Amino acid sequence: GLYFLKLHSVKFSDMTVQIDTLSINTIRTLAADVVRKANSGHPGAPMGCAPMAHVLFSRFITTNPENPLWPNRDRFVLSNGHGCALHYILLHLMGYDLTMDDLKAFRQTDSKTPGHPESHMTPGIEVTTGPLGQGFANSVGLAIAQTHLSAIFNKPGFDLFTNHTYVIAGDGCLQEGIASEAASLAGHLQLGHLIVLYDDNHVSIDGDTEVSFTEDVLKRFEAYGWHTQFITDGDNDLEGITRAIEEAKKVTNKPSIIKIRTIIGIGSKFQGTEKVHGSPLSPDDIVEVKKIYGFDPEKHFHVPPEVYKNYEHFKQKGVHAEKQWNELLEKYTQQHPHEGAEIKRRFSKKLPENWTDHLPRYTPADTAVATRKLSEIVLNKLADILPELIGGSADLTGSNLTRWKTAVDFQPDSTKLGKYSGRYIRYGVREHGMAGAMNGISAYGGLIPFGGTFLNFISYALGAVRLSALSSQRVIYVMTHDSIGLGEDGPTHQPIETLAGLRGLPNILVFRPADGNEVSGTYLAAIENLHRPSVLALTRQNLPHLEGSSVEKTLFGGYVLQDVEHAQVTFTGTGSEISIAVEAAKRLNQAGIKTRVVSLPSLELFEEQSIEYKRTVFPDGIPVISVEALTTFGWSKYAHVSVGMTTFGSSGPYQQLYKKYGFTPENLVEKARKTIEFYQKHPVPSLINKPF
């Protein structure tokens, strides 16, 4: 009775019940085989979640495997990445470009079936999950995107953006802080097209959840403003699961969570325990599982023809749905040509023509301005030119300066706080949730998300920032108060190690612009890089506009700001310290010591330049001194001597702090003299000496 669906309790036709049973049991036995073949993974969750997943894909999810990027497809997120074998099996059955050989290559090098879902690796995977709670936050972003685009583009008779976002989440996901942040935000925003199935199997890696997780989850979500339901028998009650999802779809002013009680690893001799959670079932256990479910134990990776045929029907439903949608879009475009063209442009990731003409440019005669303010100026110039920009702040709008003059808040229309057509998101004090949601917004398509907080507090969000990079999402992190230059708030708020850590991440662009032209160049690079997130580190204090800077030069990541013949020393650095280096170079040149200045707004872009170009920026034989009001860690690659932070900062006006820690022209002049004296007696090591 534990293993087979209770046929008498459902009201579907006998034929439907039989194929449902066969399909669910196929998923369960496949999950056991897939994980066993890899000798690694999590068989229990896929086996326990098979009924709810089958109900979703057979009765609710509309998607087209022949075009996984169809804009109005339903989105499915497996927030609990531990069950990724389940997701791969479903995609295979649905006819995505995922063969049985791909399933057999689960967790193998360069396969389409990595150890946790990765959107850039596997067709049909919407977002990269794995770290618990991330997928949950992504789903909130996916729902935000759908809600916003429907408000912008849907018109009477033309419901173009109507999809739902469905999520399967487990106990572990709901314990993570990011999920709580995102759930709170989703409830406030009344995201009615978000439906979460909570796999309540009472098991985590440490054992029964009674040892650490005993709260009433549904009461918590009810307090967040969610619609809640409870299915007591998720192993058998397909009709109940179906009715609950149907009911959730009717509730359009609240996100929904359905708690579904399941038995993890159902059918295994260790069902219901942590032993089926994180390790493959033993061969003899798999034999018994297959016997229980009526499968031949000698057959491995077996899918009955009836199951393939059943899922082919679900696939064709999606193929037909996209065909109808494409026809609707063409009719829409005839009646609303501007909006139709805009949808097509955005979802092809094309930018408006000549948008870069609107980027502000500066000369040294312009007034000194903080780079956070310069960022605000750029946003004001671009917001109406790039309507796909959608952004906000983690409760620091007035400090991050992320809200443009014509912005309307993204809020439920009923609250009169804004409109769903608005593009400014009040994320609240939820840095991690904000970053996770932005990954989802980006993954949906048609939008470019940005979000702000203090640079130091990106540390709260690093789990999601890392996945922005891994999954190649174009997300823009507007991080202000970028150094000890923020002043009086002191060392609790002053980032020291933060940029070094971000620079260590693959596939991310980190910018610390020195003036207005570099800020504009930073936005140009961030927006045109379709497959990389960007972090913008911006100052609180005013900075002068520099002679020799330009928007275009910023795209090289590093360039010679000021040059002299027969140079004896080069200053380099980023952001607010470049103007200090310029002043120090001026004094040295006046004293007859030939000094160059190199600005390095993005080390990542600089590393992508040719070795010939890099050698023009850092010629052999000239010692280099770096200056950055953050850690010196990492600067040995570009400098022979580094001026930076080796301790935490202090509270006080930034001018006093810069003097205390040596970020002054006087100190740089002295460093330069000593450096030149040293290298007059010693050879200068080449910094750019690697051919590839």
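Helices here are DSSP runs of H or I with at least four residues, strands are DSSP runs of E with at least two, and both are numbered from the N terminus. With that settled, let's start at the largest pocket. Helix 12 gives the largest share of its lining, four residues.

First, the ground rules. This is a predicted model, so local features need pLDDT of at least 70 and side-chain atom pairs count only at pLDDT 80 or more, while totals for chains, interfaces and linings use all residues. Residues are numbered from 1 along each chain as its sequence is written, and side-chain values use heavy atoms, with hydrogens and water left out.

Back to the pocket. A pocket, on a 1 Å grid over the protein atoms alone, is an open set of points with protein on both sides within 12 Å along at least five of seven lines. A cavity is a set of points where a 1.4 Å probe fits but cannot get out. Lining residues have an atom within 4 Å of a point. Points are joined across faces, edges and corners, and a volume is the space filled by probe spheres set on them.

The largest pocket has a volume of about 630 Å³. Its lining holds 28 residues. Nearest the centre are Leu69, Arg73, Lys349, Ala443 and Tyr444. Which elements give two or more residues to this lining? They are helix 11 (305-335), helix 12 (337-347) and helix 15 (431-444). By type, the lining divides into 11 nonpolar, 12 polar and five charged residues. Nonpolar covers Ala, Val, Leu, Ile, Met, Phe, Trp, Tyr, Cys and Pro; charged covers Asp, Glu, Lys and Arg; the others, Gly among them, count as polar.

Now the cavities. How many reach 30 Å³ or more? The count is seven. The largest has a volume of about 120 Å³. Its lining includes Arg345, Arg346, Lys349, Lys350, Glu388 and Arg474. Lys349 is a name we have met, among the residues nearest the pocket's centre. Six residues of this cavity's lining are charged, three are polar and three are nonpolar.

The second largest cavity comes to about 60 Å³. Phe57, Asp74, Phe76, His87 and Glu126 are among its lining residues. That lining splits into five nonpolar, three polar and two charged.

Next, the sheets. Two strands pair if DSSP finds at least two bridges between them. One open sheet has five strands in the order 1-2-3-7-6, with parallel pairing. Strand 1 (75-78) and strand 6 (227-231) stand at the edges with a single partner strand each, so one side of each has no neighbour in the sheet. Neighbouring strands are turned by 15 degrees against each other on average, direction ignored. Those angles come from axes fitted as lines to C-alpha atoms, on a scale from 0 to 180 degrees between N-to-C directions.

Look at the edge. Strand 1 pairs with strand 2 (residues 165-170) in the parallel sense, over four bridges. Leu78 has Ile168 of strand 2 as its bridge partner.

Move on to strand 19 (residues 624-631). Is it covered or open? Eight of its eight residues are buried. Buried means under 20% relative accessible area, exposed means over 50%, and partly exposed lies in between, with a 1.4 Å probe and protein chains only. Strand 17 (residues 569-573) pairs with strand 19 in the parallel sense over four bridges. There, Phe571 stands opposite Ile625. Strand 20 (residues 641-645) also pairs with strand 19, parallel and over four bridges. Val627 stands opposite Val643 in that pair.

Two loop residues deserve a look. Leu401 has a phi near 55 degrees, positive in a residue other than glycine. Leu401 sits between helix 14 (397-400) and strand 10 (424-426), and counts as buried at 15% relative accessibility. Ser472 has a phi near 60 degrees, again positive and not glycine. Ser472 is in the loop between helix 16 (462-470) and strand 12 (476-480), partly exposed at 22%.

Last, the record. UniProt, in an unreviewed entry, lists His42, His277, Arg372, Ser399, His481, Asp489, His493 and Arg540 under "binding site". They span 499 residues in sequence, and the farthest two C-alpha atoms are 48.5 Å apart, so they do not all gather at one spot. UniProt positions follow the numbering used here, feature names are shortened, and annotations may be inferred rather than shown by experiment. Where is His42 found? His42 is in the loop between helix 1 (14-38) and helix 2 (44-60), and is buried at a relative accessible area of 11%.
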